[in-house]
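Reader: Could you take me through one part of this model in some detail? I'd like to start at the metal site and then see what lies around it.

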Amino acid sequence: MKTRRLDNYGKINRDKILSFSWDKKNYKGFEGDTLASALLANNIGIVGRSFKYHRPRGIFSSGVEESGALVTIGSKDRRDPNVRATTQELYNGLEASGQNAFPNVNFDLAGINNYLGRFFAAGFYYKTFMGIPPLEWGKGTAIWMFFEKFIRKAAGMGSASGLPDPDTYEHAHDFCDLIVVGSGPAGVAAALEAAEKKLDVILVEQDSLIGGNQLAENDFDNSQIKNQLENLGIKIMTRTTAFGLYDNCVVGLLERVTDHISAPNVNIPRQRFWTIRAKHIIVGAGAIERHIAFNNNDIPGVMTVNASKHYLNRYGVLTGKRIVIATNNDSVYETAHQLSEAGANVTVLDSRTNFEIETNKSFEIRKGYVPYNINGSKKIDSLDISKNETINKSETINCDQVLLSGGWSPAVHLLSHRGVKPKWDYNNACFLPSDTKENITMVGSSRGLWNKNDCIASGIAGTTDALNRLGISKTNYFFPKPGGWKNPIQPLYEVKYKKSRSKSFVDYQHDVTTDDVRLAHREGFISVEHLKRYTTLGMANDQGKMGNIIGLSLMAELLNKEIPEVGTTVFRPPYTPVSIGALSGRNVGKHFRPLRVTPMHQWNIDHGAKMIEVGLYQRPWYYPKENETLSDSYIREASTVRKTVGICDVTSLGKIAIQGPDSTEFLNRIYSNGFSKLEVGKARYGIMLRDDGIVMDDGTSWRLAENEYFMTTSTGEAAKVMSWLEELLQTRWTDLNVNVTSVSEQWAGVSVAGPKSREVLNNCVDDSLVVTNNNLPFMGVTSTFLKGNIPCRIARISFSGELAFEVYVKSDFANTMMDLLWANAKKYDGCLYGLEALGALRVEKGHVTAAELDGRVTIDDVGLSKMASTKKSYIGSAMRKRGVLKNNDREILVGFFPTNLKETFNAGTIVCEKNNIKGQGIGRITSVTYSPELGHWIGLGFVKGGLDKWKDTNLVGADPVRNKQMNLKVVSPHMIDPKGERMYA
Amino acid sequence: MIRINCPYCGERDHSEFSYGGDATINYPSLDASEKEWTEAIFFRKNIKGFQFETWHHSNGCRMWLVVERSTVTHEIKSVKPCHPNLQKVAENNK
Ligand SMILES: [Zn+2]
């Protein structure tokens, strides 16, 4: 093949020369080139190696359907694999390289795979490497695990850089009345008509230029169209692909902002991911020319006819010298004429015998002939042709290019995203879009219209349809009938090769041959969806845009059915690949999810806190001194709390204000324990169950006034509890007069715990009498002032088992409160403590948290039966004793000690009986800590039957993940101060 | 993307909302039997077509809404507040 640039053709800007590199060698192109056109202009024919067989591959198309010219663009952290050379605009300094080949695409050592074809036939992976059901973990699996990396390397695509993406991406949103996809004659006509009727219109075009397939015409100039569109206020988005349609006229767009610029401004994103909410969608996405399956139909130099027309008229590149065009339809003749005018020697093989076509006789037409076999390996040497009536090689034509047109497939993909099945049209041998009730209208050649005037008429009709459906007008309209060629198309999908083994490709990119389709049929994979998965037909990143119909027709023939009876695969978004970067937008790194910090976050850090994530919250984890490790630190902190006093930020707890005359009744219904007799000025620990009787959350509620409560929830369940309370009040108990308000952000909370906590608080409040044992007894609540006239709420609540208080101030006073408390705590050798020490203290005391309340346990399971009132009904009371929940072998909360007190264990350890160490055992350890008080490791967890059953038995803790095993003793979960004498002090 | 026309906030993406459940369930009284509660919380019709379901405008006005939505096409016929008093207000404001 000899491809070259012509002087008098194309719409490229010859004044602007761009240099680029291909496989490390430098070349030149022009502004307006794609990488593909520039490669062709430089006579580069081989641009890739195929997926399985490593056959040399060239450029098949000029657009998004490309399945041969997939290349890698850029280097280092900007290396972008599997880019279609046909849609990559050329820029100065562009670096591109071939992929899937070693050392390069011209000389590839793995080309040997070509001769090992039978090992790579359909279903090869499944047959060779999968375990044999039902023994899934069979021999095959082990073989696969060994060979996987070699095979993935041999049968593969380009590789990603593996480095963090240096580019930024953006999510953007817009609204409009009408979005038009595609700027061909139909789309433009629709947009103009709609804008004249005062609709707010967005016109989307995946190409850098508007015009659609008109860009392949030698006399096309889009400047006037562009002006018209702009003057009517239409928003034109080029380099933007509508990749998916979604419910309610939502369209997903990918805008490539800088992919065509050599040194983009770092302040603009590389790509934008648009969500457009439209009222109506018009799709004029065009049609895609199909190839024909015959032997060696993949040799570099094979291309679609329309692509060759694009290269000639848009890029000024003549793609061959001696060109054979093989067709079954009328669409090729203008191109044949133009190619011969441009200096090529052209022969047209038309499978049809009975047809009339006007030509100037500048090229030869062989009626009733089809392509049979290409001779050559890295380039086309000649083409064996056959009579269509009796398939066999009849003669050989010397040529350097074979252009194919097996018919056209309307791009029905976007409509298919909405679950609308296309219908087969026998006259035009293609799938046409079906009607839909949704506000989507298909226009132009994506509804099977082959000539320009019909396309324009359909665009106007499409907009009338939109106006009618939107209730703006009531105008009659009609769409032109599909078709538009003078002579009917003759279906031609495959020319069967007579020799035993053939390489007739259906899907170029995944190396699926006609033989693979037949093999799938023989082995029973006859449904389209099975065929697709077994052969991987249509599963590459071109998603079968060229090959799907050929595969279907082969299966139809094998099954003795018609194509529509075999079906069509459902197209799913995206239409063309969307980068992960665009999907994630700005939600990367630290911005991956929202960050919540407490109002004393900076105070905590300034005082040495190491932070940890708890849900979205950053909480103090531990406050190391000098060289302390995590465990040094938390052990010191927990000991200090037990000895003197500690201060801990507990702001992340959920906080809900409950107000209204029925508040008490409300709490009494949602908590399992009684709330009807809680006095003003007292708090109560409460447990909420779900409707099904399982524990939902625990927390406290403080009665501030007759009709006002302050509820705290766990950090993790705060949002869920809030929604739950709202649901109950708005849907179930609509007669209750209660208002709930989330005040989590409004209050900063701190726990002051330890035997010296009252003395510390005493020094911090205005009126020292308020915190005396009499005035603030255990579970007492008071609203008072910290020194400096800071209003606060104090409750005497303990999570650590020590004398302890929770103090809340308005968030703005958080730092002042911390300064005040910390200054006074230091006087008693107190400490700041974090989540790790908090955990140690609560495990020692046997308090449950999210690790235990995991959505599977009942009140009885966690040993809190006395919290389940028998005097009232509440949410979950009817269900908490149902069926399996009352079995007596349920796992019950217990404490664990290692038998040898010097040993340690981890959360997740499986508890087993000594002689039966397997499976799920009889229990599990959920939380562990070193206990400063007891001087050894302790754990909380569950065991079937609970303490009573196992208290004198030696059990085993199995921890296969960490390859550990230890002997265990089951103890009461209340491992220190079981009577609670300290809390009541 | 499903778009829900919240009576308080206007039409918004479904990502602002949280799905609740079947809006036609009459939850039994708290002292009802285990059998009645079992019926109410575990047995659901698998409707093909329009169904009434609750959605919480959790990232919006925090109202619980009854949405009449087709499980086949996602078409939404009506959106109302769950609370009957608020439904009346919404009706009167039409
Ligand atoms: Zn709302």
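Reader: What spacing do the donors of the zinc ion follow along the chain?

Author: Keep in mind that this is a predicted model. Along the chain, the spacing of the zinc donors reads C-x2-C-x47-H-x3-C. In chain B, B:C9 sits in the loop between β1 (3–6) and β2 (10–13), while B:H57 sits in the loop between β4 (50–56) and β5 (64–70), so this pair ties together parts that are 48 residues apart in sequence.

Now for the atoms themselves. The zinc ion is held by SG of B:C6, SG of B:C9, ND1 of B:H57 and SG of B:C61, with distances of 2.0 to 2.3 Å. The angles among the 4 donor atoms run from 107 to 112 degrees, and the site is tetrahedral. For reference, the ideal angle for four tetrahedral donors is 109.5 degrees.

How open are those two loop residues? B:H57 has 0% relative accessibility, so it counts as buried. B:C9 comes out at 24%, and because buried means under 20%, B:C9 counts as partly exposed.

Let's move on to how chain B meets chain A. Here 29 residues of chain A are in contact with 23 residues of chain B. Together the two chains bury about 2,200 Å², with 56% of that on carbon and sulfur atoms. On the chain A side, A:D247, A:Q730 and A:M879 supply 24% of the area buried against chain B, more than any other three residues.

There's a polar side to this interface too. The count between the chains is 2 salt bridges. One of them pairs A:E726 with B:R62, whose closest N and O atoms are 2.7 Å apart. Polar contacts across the interface add up to 12 residue pairs. As for secondary structure, β14 (271–283) and α18 (718–732) are the elements of chain A that give two or more residues to the side touching chain B. Of these, α18(A) gives the most, with 8 residues.

That helix also leads us further into chain A. α18 is among the elements covering the buried residues of α17(A), and the cover also includes β34 (654–659), β35 (683–689), β36 (695–705), β37 (708–713) and β38 (739–742). Helix α17 (residues 663–670) has 7 of its 8 residues buried, so the rest of the structure largely encloses it. The buried ones are A:S663, A:T664, A:F666, A:L667, A:N668, A:R669 and A:I670.

Note on methods
Residues are numbered from 1 along each chain as its sequence is written. Chains are lettered from A and ligands numbered from 1 in the order in which they are written. This is a predicted model: local features need pLDDT of at least 70, side-chain atom pairs count only at pLDDT 80 or more; totals for chains, interfaces and linings use all residues. Side-chain values use heavy atoms; hydrogens and water are left out. Donors are N, O and S atoms within 2.8 Å of the metal (3.2 Å for Na, K and Ca); water is not among the atoms, so sites may look incomplete. Four donors count as tetrahedral if all angles lie between 85 and 135 degrees; four count as square planar and six as octahedral if opposite donors are over 155 degrees apart and all others between 65 and 115; anything else is irregular. Helices (H or I, at least four residues) and strands (E, at least two) are DSSP runs, numbered from the N terminus. Buried means under 20% relative accessible area, exposed over 50%, partly exposed in between (1.4 Å probe, protein chains only). Contact means heavy atoms within 4.5 Å. Buried area is the accessible area (1.4 Å probe) that two parts lose on being put together, summed over both. A salt bridge is a side-chain nitrogen of Lys or Arg within 4 Å of a carboxyl oxygen of Asp or Glu. A polar contact is a pair of N or O atoms within 3.5 Å; within protein, one must be able to donate a hydrogen and the other to accept it, and residues adjacent in sequence count only if both atoms are side-chain atoms.
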